[in-house]
Amino acid sequence: MPYEFLNVDVKDRIATVTITRPDKLNALNARIFEELDQVFTAFATDRSIGAVIVTGAGRAFVAGADIAEIAAHDAAGLARLSAAGQAVFMKIERLPKPVIAAVNGFALGGGCELALACHIRVASEHAKFGLPEVKLGLIPGYGGTQRLPRLIGKGRALQMILSGEQVDAAEAHRMGLVNVLATASTLHDVALSVALQVAKNGPLAMARAIESVNDGFDRLADDAMAVEARLFGSLGATRDMAEGTAAFLAKRPAQFTGE
Ligand code: COA
């Protein structure tokens, strides 16, 4: 399907989604949100895709939500905008296959929040992370006030949110905001190798692992353990589990089919 602002390339079961609005540093307008929603809806059930990489064209990953669009909204409109954007990023976070952000440049505001909604973040030395909404008289509205504290801790998250200042890739890595550091020239290959490495594991196990982490994260320990046990148990009825364990015992690589 052709998209106006996304380039989608699929190779070796890895889909790379490149946000392509470089003249506006890939700022997320309403159309980009719609297109992200469409493409991630399609990925969820596309068995030919094992993992997804999200990146940006040009010198930015995403420099935020489109400030011109934001400025045109009243209070009710902003609340709707926030809820709609949150739903799209929730879809990314809940995709039943790994999503890797390859952060090539500015990941500010909604761009930082997009990276936070991905499961794993790889960053080049040009990456800059920040939630500068307070400088606009706003707060992060696409999950940033919730995902960032859960990822790096409340104190460090509040410092980023209240200062609006950017942190570079090395600092973001030290904070635990970035999983893997790369360079501009190796970013795609590093993200691809992370994607290929996870995509060779059982698709059903990937899906249930993501579900277990997401669903269990904010529950009390006993409830969260029950979620894990239920999902762990559900894999006992799958061919992938029979194949994975049999392959280990036979000392051969597993051939997962996602059944
Ligand atoms: N929304 C809309 N347009 C944006 C944008 C955003 N979030 N971020 C950048 N742009 C546009 C600029 O308006 C400019 O457009 P123009 O050439 O038509 O004037 C173009 O992208 C290039 O940006 P520019 O500011 O000229 O680049 P820079 O290198 O001087 O600065 C940034 C880069 C990222 C520091 C700066 O663009 C910026 O602060 N952007 C906004 C970040 C932000 O507040 N994000 C949160 C939004 S809620």
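Begin by selecting R219 in this predicted model. R219 is partly exposed, its relative accessible area being 38%. Add D215 to the selection: the two residues form a salt bridge, and their closest N and O atoms are 2.8 Å apart. D215 is likewise to be coloured as partly exposed, because its relative accessibility is 25%, between the limits of 20% and 50%.

**The helix pair α9 and α10**

D215 also leads to the next stop, since it is one of the α9 residues that meet α10. Select residues 203-216 for helix α9 and residues 221-234 for helix α10. Two packed helices are described by the angle between their axes and the distance between the axes. Here the angle is about 165°, and the axes lie 9 Å apart. This angle makes α9 roughly antiparallel to α10, because values over 145 degrees fall in that class. The crossing of the two helices is right-handed.

To display the contact itself, show the side chains on both helices. On the α9 side, choose R208, E211, S212, D215 and G216. On the α10 side, choose A224, V227, E228, R230, L231 and S234. How do the residues of this contact divide by character? They comprise 3 nonpolar, 3 polar and 5 charged residues.

**E259 and its two partners**

Next, centre the view on E259, which lies in the segment after α11. With a relative accessibility of 39%, E259 counts as partly exposed. Two salt bridges can be drawn from this residue, and each is worth displaying in turn.

For the first, select R239, whose side chain meets that of E259 with an N to O distance of 3.2 Å. R239 belongs to helix α11, so the bridge ties together parts of the chain that are 20 residues apart in sequence. R239 is exposed, with a relative accessible area of 59%.

For the second, select R47. The closest N and O atoms of E259 and R47 are 3.9 Å apart, which is admitted as a salt bridge because the cut-off is 4 Å. Where in the chain does R47 lie? R47 is in the loop between α1 (30-45) and β3 (51-56), and the pair links distant parts of the chain, 212 residues apart. R47 counts as exposed, at 58% relative accessibility.

**A salt-bridge network**

Now select E4, R31, E34 and E35 together. Salt bridges with shared partners join these residues into one network. The structure as a whole holds 14 salt bridges.

**Two positive phi values**

The closing stops concern the backbone. Select D12, in the loop between β1 (6-11) and β2 (14-19). Phi of D12 is near 50°, a positive value in a residue other than glycine.

Then move to N26, in the loop between β2 and α1. N26 also has a positive phi although it is not glycine, with a value near 60°.

Are these two residues buried or exposed? D12 is exposed, with 56% relative accessible area, whereas N26 is buried, with 0%. A surface representation is therefore suitable for viewing D12, while N26 should be viewed with the surface hidden, because it is buried.

How values were computed:
Residues numbered from 1 in each chain as written. Predicted model: local features only at pLDDT ≥ 70, side-chain atom pairs only at ≥ 80, totals over all residues. Heavy atoms only, no water. Axes fitted to C-alpha atoms, helices over the stretch in contact; angles between N-to-C directions. Helix = DSSP H or I, 4+ residues; strand = E, 2+ residues; numbered from the N terminus. Parallel < 35°, antiparallel > 145°, perpendicular 65-115°, else oblique. Left-handed = near helix turned anticlockwise from the far one by under 90°. Contact = heavy atoms within 4.5 Å. Nonpolar A, V, L, I, M, F, W, Y, C, P; charged D, E, K, R; others polar. Buried < 20%, exposed > 50% of the residue type's maximum accessible area, 1.4 Å probe, protein only.
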